[in-house]
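Trainee: I'd like to look closely at just one part of this model and see how it fits in with what's around it. Where would you start, and what would you point out along the way?

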Amino acid sequence: MAISQGEEQTTEAQLEPAEERRNLLTVTDVERTFQVGGSPLHVLKGIRMELKERQLVMLRGRSGSGKTTLLNCLGGLDTPSKGEIMFNGMPFHTMSDDKRTLVRRKHMGFIFQAFALMPLLSARENVELSLRMAGVPRAQWKDRVTQCLELVGLERRMSHRPFELSGGEQQRVAIAKAIAHKPMLLLADEPTAELDTGMSAQIMAVFQNIIRTEQVTICMTTHDPTILEVADRVYEMVDGKFI
Ligand SMILES: Nc1ncnc2c1ncn2[C@@H]1O[C@H](COP(=O)(O)OP(=O)(O)OP(=O)(O)O)[C@@H](O)[C@H]1O
Ligand SMILES: [Mg+2]
């Protein structure tokens with residue numbers, strides 16, 4: 001199974017010092033304020049962070065501290081009220097909505113609860129959907145879908161629909177779907193929240209494997225202290241700021 005294969009590989013990512021890797025995403029003094037009942041609610045209060053190529057970065061913090069709000073801004077699903085977000089050299093914060101949508105579809109993958117699987121489609125069809133959305137030619141779909149489902153260890157579940165899969169298997173289909181179009185950045189909001197310890201460890205092994213094989217950068221939120229150990233970098237959020 002692909003999950004265990006990854007553990008044997010020695011990779012460039014491990015040999016190359018992190019400081020020599022390029023910044024994929026640079027966040028400078030980002031603030032996000034919502035208007036609630038006529039008064040401002042300051043949720044993000046001056047966030048600075050960097051995501052380097054092939055890094056696994058985790059955001060931790062209490063419920064309501066602003067993690068999802070920040071991920072939404074990083075992924076261009078929301079725009080900061082102030083501050084700058086540079087993604088792969090492009091100013092995300094000043095880009096038009098249309099341009100940002102294009103960049104997002106092509107270069108980013110999401111594992112958010114709101115981006116769940118389509119219930120009537122099989123695992124294979126769910127993954128195909130993201131290739132269709134990213135404008136990948138149809139001729140390439142079959143091989144790429146197979147490759148991605150193998151990568152997450154689901155080669156024997158390709159025809160199953162979500163209700164015919166366990167929670168962990170569904171999450172792995174969601175990962176395959178999020179990486180199928182070869183994004184540079186994968187954003188994941190609590191990807192292991194619904195899973196037991198063993199399954200969470202498996203998902204983290206999949207993440208480490210795809211960082212090596214797909215050269216992707218991953219930024220995820222988590223409450224789970226055992227998972228934090230595998231992060232290259234942990235940002236701790238308290239009340240809209242990093243400490
Ligand atoms: N669209 C919105 N309008 C108003 N307030 C919002 C909006 N989105 C988020 N908030 C508020 O911002 C705060 C941070 O929310 P956020 O979802 O980012 O927290 P979180 O750190 O992801 O929490 P959790 O761990 O529970 O998922 C919350 O108090 C929330 O009520
Ligand atoms: Mg959240």
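**Around Ile179**

Mentor: Let's start with Ile179, which touches Gly109, Cys148, Leu186, Ile210, Glu214 and Val216, once you leave out residues up to four places away in sequence. Touching, or being in contact, is about C-beta atoms placed from the backbone: those of the two residues have to lie within 7 Å. Keep in mind that this is a predicted model, where local features need pLDDT of at least 70 and side-chain atom pairs count only at pLDDT 80 or more, while totals for chains, interfaces and linings use all residues. As for labels, residues are numbered from 1 along each chain as its sequence is written, and chains are lettered from A and ligands numbered from 1 in the order in which they are written.

Ile179 also shows up in the largest nonpolar core, which has 55 residues. Together with Cys148, Ala176, Leu187 and Ile218, Ile179 touches the most other members of that core. A core like this joins buried Ala, Val, Leu, Ile, Met, Phe, Trp, Tyr and Cys residues through C-beta atoms within 7 Å. Buried means 20 or more other C-beta atoms within 10 Å of a residue's own, exposed means 12 or fewer, and partly exposed is in between, again with C-beta atoms placed from the backbone.

Now step back to the helix. Ile179 is part of α7, which covers residues 167–179. Helices here are DSSP runs of H or I with at least four residues, strands are runs of E with at least two, and both are numbered from the N terminus. One partner of α7 is helix α8, residues 197–214: the two pack at an angle of about 15°, with axes 11 Å apart. That makes α7 roughly parallel to α8, a label for angles under 35 degrees (over 145 is roughly antiparallel, 65 to 115 roughly perpendicular, and the rest oblique). The axes are lines fitted to C-alpha atoms, for helices over the stretch in contact, and the angles run from 0 to 180 degrees between N-to-C directions.

Which residues of α7 meet α8? They are Gly168, Gln171, Arg172, Ile175 and Ile179, and on the α8 side you'll find Met199, Gln202, Ile203, Val206, Ile210 and Glu214. When you look at the spacing of those numbers, here's a handy bit of background: an α-helix has 3.6 residues a turn, so residues three or four places apart point the same way. Ile210 and Glu214, by the way, were already among the residues that Ile179 touches.

α7 has another partner, helix α5, residues 123–133. Here the packing angle is about 30° and the axes lie 7 Å apart, so α5 and α7 are roughly parallel too. On α5 the contact is made by Ala123, Asn126, Val127 and Ser130, and on α7 by Val173, Ala176 and Lys177. Ala176 should ring a bell, being another of the core residues that touch the most other members.

Let's follow α5 a bit further. Its buried residues are Ala123, Arg124, Asn126, Val127, Glu128, Ser130 and Leu131, and what covers them includes α7 and α6, residues 141–151. Leu129 sits in α5 as well, but it counts as partly exposed because 17 other C-beta atoms lie within 10 Å. Leaving aside neighbours within four places in sequence, Leu129 is in contact with Met118 and Leu121. From Leu129 to Ile111 it's 18 residues along the sequence and 14 Å through space, C-alpha to C-alpha. Just after α5 comes Gly135, with a positive phi of about 75°.

A positive phi turns up at residues that aren't glycines as well. Arg54 has one of about 60°, in the loop between β2 (39–52) and β3 (56–61). Arg54 is buried, because it has 24 C-beta neighbours inside 10 Å. Asn88 has a positive phi of about 50° and lies in the loop between β4 (82–87) and β5 (90–91). With its 16 C-beta neighbours inside 10 Å, Asn88 is partly exposed.

Finally, zoom out. The protein chain has 9 helices and 10 strands, and its C-alpha trace spans about 50 × 35 × 35 Å along the principal axes. Of its 243 residues, 38% are buried. Among contacts between residues at least 6 apart in sequence, 73% join residues at least 24 apart.
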